[in-house]
Amino acid sequence: MSGEVEDVENRGVKDRERPSYSSSSYVIEDSETQWTSWLVPMVVVANVGVFLVVMFVNNCPKHNPRIEGKCEARFLGRFSFQPLKENPLFGPSSSTLEKMGALDWDKVEHKHQGWRLFTCIWLHAGVIHLVANMLSLVFIGIRIEQQFGFVRVGIIYLLSGFGGSILSSLFIRKNISVGASGALFGLLGAMLSELITNWTIYTNKVSTLLTLLVIIAINLSIGILPHVDNFAHIGGFLTGFLIGFVLMPRPRFGWLEQPNLPARVNVKSKYKAYQYMLWLLSLVLLIVGFTVALVMLFHGENGNDHCHWCHYLSCVPSSRWHCEEN
């Protein structure tokens with residue numbers, strides 16, 4: 001009986017050995033719903049709106065009268081940018097970002113402002129930062145939302161951003177941190193775990209895996225430059241990677257096609273055994289990881305005291321820059 005079921009599954013996969021998108025090697029089940037993406041565009045609009053509010057509050061000419069003549073794009077009035085020497089990304093001052101909810105370990109730990117772990121992922125340091133992140137979100141997030149729906153992509157985005165903020169707070173104590181990069185890396189991590197847990201429905205498996213790994217490696221390697229919070233990237237990626245195993249396994253083909261199969265063919269399990277194992281392991285690691293990290297954070301633990309080499313993950317010193325104030 002199991003042999004017949006396996007033949008049905010293999011034939012189903014073989015029949016679908018063509019990608020549904022010309023630019024992708026991903027195969028979508030014919031019997032699954034193709035979702036309409038609306039959450040990701042709304043998140044983009046929300047991020048742009050928040051940035052405009054931050055620039056309105058920043059008001060470079062008014063709050064910095066001594067440098068009024070040096071505010072960039074002065075024709076924008078109160079929306080003009082800080083001098084490039086202060087913020088080369090065309091954005092507000094660090095004090096404005098801090099006031100609007102940037103991640104600051106001191107305020108999270110000593111002033112009990114844990115809400116900053118969430119608000120910081122909606123803030124951006126400048127136009128360049130915002131555009132880069134939103135373009136990445138559109139290219140990655142819309143595709144995931146179309147395949148898995150707004151609930152799952154929303155959970156991955158928010159929890160990955162939260163996970164990135166926690167890891168950042170544990171290791172970065174001197175500077176503030178803003179940006180949706182942790183949430184975006186969570187989406188990349190979820191794509192990787194989705195590929196692994198749904199391995200049998202991919203064509204060109206190895207090339208797809210290698211391409212995704214190269215993209216992830218390049219983006220993480222950028223994080224070793226100064227003024228880039230790579231701990232948020234790593235924390236977001238690990239969170240999204242584990243959540244992908246929990247939220248993104250696809251049912252086996254025989255289960256989806258069971259109403260159309262002969263009566264003698266019975267598919268008892270919706271998922272394969274290894275999918276159940278990955279689901280359970282990832283759920284346990286998520287719960288334990290978040291619990292331990294939050295306990296360490298609110299007890300004032302410094303991650304650098306427990307890992308003396310981890311600071312190299314966020315900045316590698318060279319003859320051209322220093323990492324003390326990264």
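A nonpolar core is a set of buried Ala, Val, Leu, Ile, Met, Phe, Trp, Tyr and Cys residues that are joined through side-chain atoms within 4.5 Å. In this predicted model, the largest such core has 49 residues. Leu137, Ile144, Tyr157, Ile166 and Leu187 are the ones with the most contacts inside it. Quite a few helices chip in: H2 (39-58), H5 (105-110), H7 (127-148), H8 (150-171), H9 (181-197), H10 (205-222), H11 (230-247) and H13 (273-298) each supply at least two residues of this core. Apart from it lies another core, this one of six residues, including Val54, Ala102, Ala125 and Val178. As a general point, nonpolar side chains in soluble globular proteins tend to be buried together.

Leu187 gives a feel for how the big core is put together. Not counting residues up to four places away in sequence, Leu187 touches Leu137, Ile140, Gly141, Ile144, Val153, Ile156 and Tyr157.

Stepping back to the whole chain, the model has 14 helices and zero strands, so to speak a run of α elements from the N terminus on. Buried residues make up 47% of the 326 residues. Among contacts between residues at least 6 apart in sequence, 73% join residues at least 24 apart. The accessible surface comes to about 16800 Å², and 66% of that belongs to carbon and sulfur atoms.

Helix H13 is worth a look of its own. With 26 residues at 1.5 Å a residue, H13 should span 38 Å, and its end C-alpha atoms are indeed 38 Å apart, so expectation and model agree. Its buried residues are Gln275, Ser282, Leu286, Phe290, Ala293 and Leu297. These pack against H5, H6 (116-119), H8, H9 and H11. An α-helix has 3.6 residues a turn, so residues three or four places apart point the same way. After H13 comes Gly300, with a positive phi near 80°.

The end of H13 leads on to Glu109, which is found in helix H5. Leaving aside neighbours within four places in sequence, Glu109 is in contact with Leu297, Phe298, His299 and Gly300. Leu297 is also one of the buried residues of H13. Glu109 itself is buried, yet has no salt bridge. The nearest side chain of opposite charge belongs to Arg173, 7.1 Å away, whereas a salt bridge needs the nitrogen and the carboxyl oxygen within 4 Å.

Terms used. Residues numbered from 1 in each chain as written. Predicted model: local features only at pLDDT ≥ 70, side-chain atom pairs only at ≥ 80, totals over all residues. Heavy atoms only, no water. Helix = DSSP H or I, 4+ residues; strand = E, 2+ residues; numbered from the N terminus. Buried < 20%, exposed > 50% of the residue type's maximum accessible area, 1.4 Å probe, protein only. Contact = heavy atoms within 4.5 Å. Areas by Shrake-Rupley, 256 points an atom, 1.4 Å probe, with all protein chains shown as cover. Expected span 1.5 Å × (residues − 1). Lys, Arg positive; Asp, Glu negative; His and termini not counted.
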